[in-house]
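Student: Before we discuss anything in detail, could you put the sequence and the structure in front of us?

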Amino acid sequence: MNLLAIIRIAYRALARNKMRAALTMLGVIIGVAAVIAMVSIGQGASASVQAQISNFGTNLLFVSAGAQNVGGVRSGTGDNGTNTLTEDDLQAIQREVPSVSMISPMVNSRSQLVVGNQNWNTSIQGVSEQLPGIRKWTIDSGDFFTESDVRSGARVIVLGQTIVDNLFNGMDPVGQSVRVMNLPFRVVGVLGRKGQDPQGRDQDDIAFAPYTTVQKKLLGTTRIQVAYVSAVSADATYTAQVQIGDLLRQRHKLSGNQPDDFTVRNMSDVAEAANETNSIMTWLLGSIAGVSLLVGGIGIMNIMLVSVTERTREIGVRLAIGARSSAVKKQFLIESIVLSLTGGTIGILLGIAASLAIPMMLGWPTLVSTTAIVGSVVFSAAVGIFFGYYPARKAAALDPIEALRYE
Amino acid sequence: MAAIVEQRIQTPGAQFWRHQNLIERVEAPAVIELDHIHKTYTMGDVEVHALRGVSLTIREGEFVAIMGASGSGKSTTMNIIGCLDRPTRGTYVLDGQDVSQLSKDERADIRSQKIGFVFQGFNLLSRTSAIENVELPMLYASIDSQERQKRAKEALAAVGLVGREQNHPNQLSGGQQQRVAIARALVNRPALILADEPTGNLDSRTSIEVMEIFQRLNREQGITLVLVTHESDIAEYASRVVVFKDGRIKKDYEIENQRDAGEELRSLPPIEEDDEE
């Protein structure tokens with residue numbers, strides 16, 4: 001007898017008890033939906049990091065003080081570490097490394113900006129005049145500050161759109177004065193709007209001032225912790241990374257076996273590290289959800305076992321009127337596969353719906369993963385076969401005479 | 001219905017039997033030939049001899065009642081005749097084929113093709129319409145959907161259930177449920193219908209109604225019927241009675257004055273049991 005007929009028989013048997021079928025499927029529905037939702041959260045985080053990184057530009061490098069990559073205890077954030085990157089180092093990189101096109105230190109100060117009776121707390125980054133080229137900022141009005149502003153430590157500032165919106169009420173801020181820690185700064189330019197980054201942070205809530213000014217007036221230090229470096233091209237980043245490393249080792253007089261006291265990273269390193277974290281998260285979330293899928297499968301087995309007992313007479317009748325035991329076995333197996341696959345399909349739809357709802361409700365980025373969907377389908381079919389096999393075999397092994405007599 | 005009638009008539013034996021009805025019974029071909037059937041069960045250390053050499057021939061078109069007390073071997077005989085069980089010794093030829101030592105699957109196929117079962121407890125699938133219940137044996141016999149529908153309708157019509165096709169068992173009376181079960185037994189056009197205490201769960205009037213259907217199928221279509229019962233008045237509707245005792249056939253006789261269920265029904269005061277709902 002053909003499989004199609006048995007599939008029809010199984011469907012009819014399931015349709016006779018819709019409530020039970022629905023409850024049985026619930027475990028698989030929740031399991032599959034959870035797997036898909038969890039994996040898409042993980043993938044979403046990954047994708048947003050990727051997008052952020054490509055937003056930074058692929059020819060971007062970070063040079064930071066301290067040997068952050070040396071494993072274990074030497075985190076390099078002590079006094080020694082933080083002083084190892086100097087202004088001279090940066091100038092030497094610009095002068096001597098041919099694969100480097102632009103360079104800018106970055107010193108960060110979180111301060112309050114005051115205009116009249118309005119104030120706004122934001123991040124003021126001390127950078128060089130080359131920053132707009134490195135980080136791809138456009139200037140909306142006015143100008144970015146100049147090299148001579150940096151050299152003289154002038155109190156000039158360039159504002160992001162969010163600050164302008166919050167402090168200037170539609171006035172043109174260029175030429176106006178802003179107070180930072182009671183020091184007046186002259187607004188020389190306004191940045192073009194960048195909007196939110198892929199993780200939902202406002203990129204326009206930022207102000208730039210010459211790093212010399214930020215160091216002296218706001219931070220009271222000469223330390224440089226990080227510098228942005230732009231390589232001449234995306235292909236040149238690796239060369240630049242090696243050349244900067246060689247130059248700094250030479251300048252810091254490090255002999256062969258001494259570890260680096262600085263770190264040069266390119267964006268793909270950063271991306272790799274972020275991806276690794278994300279994929280661990282994805283696996284973790286996915287496997288927790290997978291456990292619920294497993295529990296759902298056990299639920300199917302439970303119901304199928306109960307069902308075999310409950311339907312003993314029915315099985316007896318089927319055998320008596322000419323069903324081979326293999327047909328009975330297939331029927332129960334198909335019932336369980338149909339339950340798990342239907343559950344799986346509903347679960348996929350729910351999972352996709354959840355993946356679409358999560359960004360709106362929680363603000364987390366998600367990315368529905370085809371792998372997760374295919375995986376869930378395969379897994380739920382496997383659950384159906386695996387957990388349906390034992391009850392099906394039990395049903396097929398029944399003796400028709402005994403089964404017909406069963407009360 | 002017509003199809004079933006035609007098919008029956010085309011069988012040479014049935015035709016012959018139809019014409020020679022009372023005179024030449026012996027000449028009709030045998031449907032069941034049990035030859036020295038033994039059945040022994042082992043229960044723990046004890047061997048139970050359920051059947052001790054049963055030989056029985058049932059010819060096409062016969063209506064045989066099998067009687068006997070419980071433990072007499074009638075159920076075991078029934079199971080062997082129905083190919084639900086195999087004899088320990090002896091041969092069983094069903095419709096010209098030796099089925100005594102067939103495998104489980106082969107016996108399932110034989111049941112599908114040659115035997116229709118009617119049980120005491122009806123054994124219909126619940127929450128399943130009458131017509132789907134009747135279709136069930138044809139699903140296992142791989143008969144296509146159109147033919148299934150057609151035959152199921154005919155079979156339900158043959159047992160007087162026109163218009164009840166979509167009713168579920170819980171919407172049918174006991175008698176109606178048993179008639180659905182008879183339709184289900186008929187639908188694969190078996191060589192033989194086996195009825196195990198078919199009136200055991202029915203009141204006396206409904207019992208007569210069911211017997212009327214059996215008699216009609218037997219007379220009009222020449223269907224061979226084997227009926228297991230412990231009620232002697234039900235056995236009197238058959239044309240022959242076989243009585244079992246202690247695993248052997250004790251008596252085997254023709255019934256001289258076969259009761260006519262149709263006539264009895266007509267003489268009963270009419271009630272509208274069947275056509276309410």
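Student: Leaving aside its neighbours within four places in sequence, which residues is A183(B) in contact with?

Tutor: This is a predicted model, and in it A183(B) belongs to the largest nonpolar core, which has 127 residues, where V64(B), I66(B) and A183(B) touch the most other members. Once the neighbours within four places in sequence are set aside, the contacts of A183(B) are V134(B), A155(B), L156(B), A158(B), V159(B) and L161(B).

Student: Which helix of chain A gives the most to the largest nonpolar core, and what does the second, separate core include?

Tutor: The largest nonpolar core holds 127 residues, and helix α2 of chain A, residues 18-56, is the one that gives the most to it, with 15 residues. Apart from that core there is a second one of 54 residues, and among its members are V158(A), L191(A), I244(A) and M267(A).

Student: Why does V28(A) count as buried, and what is the separation of its C-alpha atom from that of I300(A)?

Tutor: V28(A) lies in helix α2 of chain A, and it counts as buried because it has 31 C-beta neighbours inside 10 Å, where 20 or more are needed. Beyond its neighbours within four places in sequence, V28(A) is in contact with residues including L293(A), G296(A), G297(A), I300(A) and V383(A). I300(A) is 272 residues away from V28(A) along the chain, yet their C-alpha atoms are separated by 8.4 Å.

Student: Is A227(A) buried or exposed, and which residues is it in contact with, leaving aside its neighbours within four places in sequence?

Tutor: A227(A) is part of strand β9 of chain A, residues 226-231, and it counts as buried because 28 C-beta neighbours fall inside 10 Å. The C-alpha atoms of A227(A) and L61(A) are separated by 8.3 Å, although the two residues are 166 apart along the chain. With the neighbours within four places in sequence left aside, the contacts of A227(A) are V63(A), L85(A), L90(A), I103(A), S104(A), P105(A) and M106(A).

Student: In what sense do β3(A) and strand β8 of chain A pair, and which residue of β8(A) stands opposite S123(A)?

Tutor: It helps to begin with the other partner of this strand: β2 (residues 100-115) and β3 (residues 118-127) of chain A pair in the antiparallel sense over nine bridges, with Q112(A) bridged to N121(A). Two residues lie between the strands of that hairpin, and G116(A) takes a positive phi near 55° there. With β8(A), residues 206-210, the pairing of β3(A) is in the parallel sense over five bridges, and the residue opposite S123(A) is I206(A).

Student: Which strands of chain B are the edge strands of the open sheet in the order β2-β1-β4-β5?

Tutor: The four strands of this open sheet pair in the antiparallel sense, and β1(B), residues 30-43, is joined to β2(B) over eleven bridges, with M43(B) opposite V46(B). An edge strand pairs on one side only, and in this sheet the edge strands are β2 (46-59) and β5 (97-98) of chain B.

Student: How many Å apart are the end C-alpha atoms of helix α8 of chain B, and which residue just after α8(B) takes a positive phi?

Tutor: Helix α8(B), residues 204-221, has 18 residues and should therefore span 26 Å at 1.5 Å a residue, which agrees with the 25 Å between its end C-alpha atoms. Its buried residues include I208(B), V210(B), M211(B), I213(B), F214(B) and L217(B). Just after the helix, a positive phi of about 65° is taken by G222(B).

Student: Which helix gives the most to the side of chain B that touches chain A?

Tutor: The contacts between the chains involve 22 residues of chain B and 21 residues of chain A. On the chain B side, α4 (104-114) and α5 (130-140) each supply at least two residues. The helix that gives the most, with six residues, is α4(B).

Student: Over which residues of chain A is the pLDDT below 50?

Tutor: Chain A averages a pLDDT of 84, and 94% of the residues score at least 70. Where pLDDT is low, the predicted coordinates should not be read in detail. That caution applies to a stretch which has 16 contacts in the model beyond near neighbours in sequence, and whose pLDDT is below 50, namely residues 69-81 of chain A.

Conventions: Residues are numbered from 1 along each chain as its sequence is written. Chains are lettered from A and ligands numbered from 1 in the order in which they are written. This is a predicted model: local features need pLDDT of at least 70, side-chain atom pairs count only at pLDDT 80 or more; totals for chains, interfaces and linings use all residues. Two residues are in contact if their C-beta atoms, placed from the backbone, lie within 7 Å. A nonpolar core is a set of buried Ala, Val, Leu, Ile, Met, Phe, Trp, Tyr and Cys residues joined through C-beta atoms within 7 Å. A residue is buried if 20 or more other C-beta atoms lie within 10 Å of its own, exposed if 12 or fewer, and partly exposed in between; C-beta atoms are placed from the backbone. Two strands pair if DSSP finds at least two bridges between them. pLDDT is the predictor's confidence in each residue, from 0 to 100. The expected span of a helix is 1.5 Å times one less than its number of residues.
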